[in-house]
Amino acid sequence: MMLGLYNNLNTFLVIGALLFGIGIYGIVTRKTLIGMLIAAELILAGSSINFMAFNRFTAPDPVTGQIFTLFIMAVAAAEAAIGLSIIIAVYRHFKSIDAEDAVQLQG
Amino acid sequence: MVASPALLSVDGLVGVVFLIMVAITLIGGLIACNSERLVRSVAGLIVCFVGVAGIYYFLNSPFVAMMQILIYVGAVAVTISFAIMLAAPEEKKKTGVAGPLSGPLGFGTAALIAGGFAVLALRTEWPVQDKINDGSIKLIGIQLLTDHSMVFELISIVLLIAILGALVIARDGREDS
């Protein structure tokens, strides 16, 4: 009874929501900055799945969603590059990638 | 609800492959968020992205699936593992939970958000419109350079600036520079 699931919009929306939730969980619980970045990639993947699902099942032009997902990928790559270079700069300064150690602005 | 095909028919086997892809995606995501070491976390991320590429394939988009493998598995995951090797010293590669309360609170937040989205998706009647084309790779290329050419140029500038900015930020503060 589960074998017909791949032809159903709701399946993909639930998968996207689950990935989004896993990413939120990772961002909240992870201690290191790189762990948070990995969780943010999961959130982006979840939202991309939502775009692709609507693109496949409801949108009249099935090209637009694919192009949107490609742009999400490009922005995610830029975000990963900038984020990782900031993490490396933070590591040089504080000798740690824990989010709790970067407390220079704390009063 | 669509009728379920028999297990050994073509549609049934496709359904089995789909369920495997979904399992790979979710298990990879859980590994990426729960493993003790950051390197294993990146490995889980790679597994998750391969599963997501399979899901894209089921959504009639082999081109986006290929791009997912190329960009995420080939570039982003490798960049993250380089950053782990550069930034995390050997004895501090372990990552734990941020505090005693963050585990349950994080789980509660994530469950609320994911459950809310899922209920919202299941209870809404989405309007379905007729397709005006088949979404082939050729049409993607044509639309990228005609209808969406402005965004296409903008995204290249964003990527260029991101690369330059990443170099500048990461270079700043090196001892020998």
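User: What makes the order of elements in chain B of this model, from the N terminus on?

Analyst: In this predicted model, the elements of chain B run α-α-α-α-α-α from the N terminus on, and the count behind that order is six helices and zero strands.

User: Why is B:Asn133 called exposed or buried, and what is the value behind the word?

Analyst: B:Asn133 has 11 C-beta neighbours inside 10 Å, and a residue counts as exposed if 12 or fewer other C-beta atoms lie within 10 Å of its own, so B:Asn133 is called exposed. B:Asn133 is placed in the loop between α4 (102-123) and α5 (137-145) of chain B. As for chain B in general, buried residues make up 26% of its 177 residues.

User: How do you know which residues B:Asn133 touches?

Analyst: Two residues are in contact if their C-beta atoms lie within 7 Å, and, leaving aside residues up to four places away in sequence, B:Asn133 touches A:Asp61, A:Pro62, A:Val63 and B:Leu139.

User: What makes up the side of chain A that touches chain B?

Analyst: By the contact rule, 70 residues of chain A are in contact with 88 residues of chain B. The elements of chain A that give two or more residues to this side are α1 (9-29), α2 (33-57) and α3 (64-94), and α3(A) gives the most, with 23 residues.

User: How do the residues on that side of chain A divide into nonpolar, polar and charged?

Analyst: The residues of chain A on the side that touches chain B divide into 50 nonpolar, 14 polar and six charged.

Key: Residues are numbered from 1 along each chain as its sequence is written. Chains are lettered from A and ligands numbered from 1 in the order in which they are written. This is a predicted model: local features need pLDDT of at least 70, side-chain atom pairs count only at pLDDT 80 or more; totals for chains, interfaces and linings use all residues. Helices (H or I, at least four residues) and strands (E, at least two) are DSSP runs, numbered from the N terminus. Ala, Val, Leu, Ile, Met, Phe, Trp, Tyr, Cys and Pro count as nonpolar, Asp, Glu, Lys and Arg as charged, and the others, Gly among them, as polar. A residue is buried if 20 or more other C-beta atoms lie within 10 Å of its own, exposed if 12 or fewer, and partly exposed in between; C-beta atoms are placed from the backbone.
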